[in-house]
Amino acid sequence: MEPSLPRFQKAHGKSEAEIRRRILQAIFEMRLPPGERLTEEQLAETFDVSRTVVRQAIARLSQDGILVKIPNIGTTVAAPTRKETRDILAVRKMVEPAIVRILSAAPVGGGLERIHAHLARETTARAKGDRGTLVRLTGEFHLLLAEVAANDVLTRLMTSLQTLTCLAILLYAEQNEACPPDEHSRIVEAIAGGDGERAATEMLQHLQHVEFDLHLDRAEPGSPLSDTIAWLRGNAVG
Ligand SMILES: [Zn+2]
């Protein structure tokens, strides 16, 4: 991860929704790491919009838990703890099997074509070794399923859950891998065959693999300073 601030391309007069989309995309591509500080001035300058528009985008992303306002520090990208990440994945395991059941039961028409086209883009990015794009596309796959289910509340919920999962991957996964290969295509195959139960099982197993790679059963790391203070007090263990 590059230590410098993310560089968005200069974009004139973007709308609030477009700014949000670009920030989410930067997180999905792992260009905007957890804990990164964002300022209204920086974003207003980058997107060439007023600070009012930036404030609206920050407010909405904060409501969804993606940005966090910290007193005396400002606005930062969320850095979910292991406990928060376990909670996020618990909700995903409830919601996403239900989404694929809905898609398997109802004829999704053009939706299925969009999902297949998306899978093809994932395959191309994987073959090219284009990791940034692949990580973004595998994240967006989960949002696309919610979008095709045509439920705006689900889409907003999944946007928040998927974005926070991406940030947790950067924090806790030993390798910042995308979703394991082939699992998305197995889910889509079951949806296309109208087999809701199989689609739900495949999705649940997929999310269990994502969770396993995050090693969430490990203890939260103590800060180096608190470890030092514990040592100075003679409380050091091991
Ligand atoms: Zn996935």
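**Salt bridges along the helices**

Student: Which helix holds both Arg92 and Glu96?

Tutor: This is a predicted model, where local features need pLDDT of at least 70, side-chain atom pairs count only at pLDDT 80 or more, and totals for chains, interfaces and linings use all residues. Numbering starts from 1 along each chain as its sequence is written, and side-chain values use heavy atoms, leaving out hydrogens and water. Arg92 and Glu96 are four residues apart, about one turn of the helix. Their helix (a DSSP run of H or I, at least four residues, numbered from the N terminus) spans residues 82–105 and is H4.

Student: How far apart are N and O where Arg92 and Glu96 meet?

Tutor: Their side chains form a salt bridge, meaning a side-chain nitrogen of Lys or Arg within 4 Å of a carboxyl oxygen of Asp or Glu. Here the N to O distance is 2.5 Å.

Student: Is Glu96 buried or exposed?

Tutor: Buried means under 20% relative accessible area, exposed over 50%, and partly exposed in between (1.4 Å probe, protein chains only). Its partner Arg92 has 2% and is buried. Glu96 has just 1%, so Glu96 is buried.

Student: What separates Arg136 and Glu140 in helix H6?

Tutor: These two form a salt bridge, with the closest N and O atoms 3.2 Å apart. Arg136 is buried at 14%, while Glu140 is partly exposed at 23%. Because they sit four residues apart in helix H6 (residues 131–148), the separation is about one helical turn.

Student: Which residues are linked in a network of salt bridges?

Tutor: We've just met the Arg136–Glu140 pair. The whole structure has 18 salt bridges. The network links Glu29, Arg31, Arg136 and Glu140.

Terms used:
Helix = DSSP H or I, 4+ residues; strand = E, 2+ residues; numbered from the N terminus.
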